[in-house]
Amino acid sequence: MSDRPILAARGVTKRFGGLVALDNVDLDVPRGVVQAIIGPNGSGKTTLLNALSGASHADAGSIQIDGRELFRLKPHQIARSGLARTFQTIRIFTNLSVIENVKVAGACNTRTSLFGIVTGSAHQKQSEAEIEHRAREALQIVGLGGRADDRAAQLPYAQQRLLEIARALASKPDVLLLDEPAAGMNMTESMKLLGTIADLKTSGITILLVEHNVRLVMGISDRVAVLDFGKKIAEGTPDEVQRNPAVIEAYLGRRHRHA
């Protein structure tokens, strides 16, 4: 097995006018781990995920997955390279069924031609069967297999978040970016999510996680990187990061300054 990180970012910089949201950020994500990104509000966590996934291009830097350059690629090209993500705000199709939501994502990552769709070719039928299989498999992984035919709007909030994860899994990613997946969940729901993330790691998916729930982060992560004002100020195991003076200052010092 190669020691090369599956996801590597070098010098990633993003500006919004005069604001430097990401300042020369480097990040290596080893294969098969759960890597968390934490930091105070406004530290650049979601901006970094947006840059990695192509949702908002960085101004400078290099982003590679398994050695392939992703910088400046479009989001669908990045998805086809093996990287999928969820967002802070739920983005499901409430008028579709649960499984249709997942199948839409699966269909976006196929290369079936318009001619194949119109003629109902054998290749098209095989592709549809594969999409159906992937969708049901993804729903089973997140515990929604029994609700495949329900309307997505009928799902409780926490299950809608799991549906978003299932939809990301439909593309068979090597790397999954989760942007605050536990937002709005109670403790019981958060602990169930923790188990789902552990299962995903066991299945071989590398996970990059942004999350405010520090208890969840420290309970599931192999490594943690910390951002503050767009800069990476610390990285290491959860224990190392929790003892780091710069991290303590970023969280506690800022709170005291604004008290």
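Helix α2 gives the largest pocket the biggest share of its lining, four residues in total. Keep in mind that you're looking at a predicted model. Besides that pocket, this briefing takes you through a ring with charges over its face and an open sheet of four strands.

**The largest pocket**

- The volume of the largest pocket comes to about 580 Å³.
- How many residues line the largest pocket? There are 22 of them, and Ala79, Ala84, Arg85, Phe87 and Ala105 are the ones nearest the centre.
- Four elements each bring at least two residues to the lining: α2 (75–80), β6 (83–85), α3 (98–108) and α6 (157–169).
- Sort the lining by class and you get twelve nonpolar, six polar and four charged residues.

**Phe87 and its arginines**

- Phe87 has already come up as one of the residues nearest the centre of the largest pocket, and its ring is worth a look too.
- Arg85 lies over the face of Phe87, with 4.0 Å to the ring centre.
- Arg91 also lies over the face of Phe87, and here the distance to the ring centre is 3.9 Å.
- If you go hunting for aromatic pairs, you'll come back with zero in this structure.

**The open sheet**

- Strands in a sheet are held as partners by backbone hydrogen bonds, and they can run parallel or antiparallel.
- In this model, four strands make an open sheet, and reading across it you meet β2-β1-β4-β5, with antiparallel pairing.
- Why is one side of β2 and of β5 left without a neighbour in the sheet? Both β2 (19–29) and β5 (68–69) stand at the edges with a single partner strand each, so there is no neighbour on one side.

**Inside the sheet: β1 with β4**

- Strand β1 covers residues 7–16 and strand β4 covers residues 60–65; the two pair in the antiparallel sense over five bridges.
- You can follow the pairing residue by residue: Arg10 has Ser62 in β4 as its bridge partner, while Ala8 has Gln64 in β4.

**Out to the edge: β4 with β5**

- β4 pairs with β5 too, again in the antiparallel sense, over two bridges.
- Across this pairing, Ile65 stands opposite Arg68 in β5.
- Which residue takes a positive phi in the hairpin of β4 and β5? Asp66 does, at near 50 degrees, in a hairpin with two residues between the strands.

Conventions:
Residues are numbered from 1 along each chain as its sequence is written. This is a predicted model: local features need pLDDT of at least 70, side-chain atom pairs count only at pLDDT 80 or more; totals for chains, interfaces and linings use all residues. Side-chain values use heavy atoms; hydrogens and water are left out. Two strands pair if DSSP finds at least two bridges between them. On a 1 Å grid over the protein atoms alone, a cavity is a set of points where a 1.4 Å probe fits but cannot get out, and a pocket is an open set with protein on both sides within 12 Å along at least five of seven lines; lining residues have an atom within 4 Å of a point. Grid points are joined across faces, edges and corners, and a volume is the space filled by probe spheres set on the points. Ala, Val, Leu, Ile, Met, Phe, Trp, Tyr, Cys and Pro count as nonpolar, Asp, Glu, Lys and Arg as charged, and the others, Gly among them, as polar. Rings of Phe, Tyr and Trp (its six-membered ring) pair if their centres lie within 6.5 Å; planes under 30 degrees apart count as stacked, over 60 as edge-to-face and the rest as tilted. A charge sits over a ring if NZ of Lys or CZ of Arg is within 6 Å of the ring centre and within 35 degrees of the ring normal.
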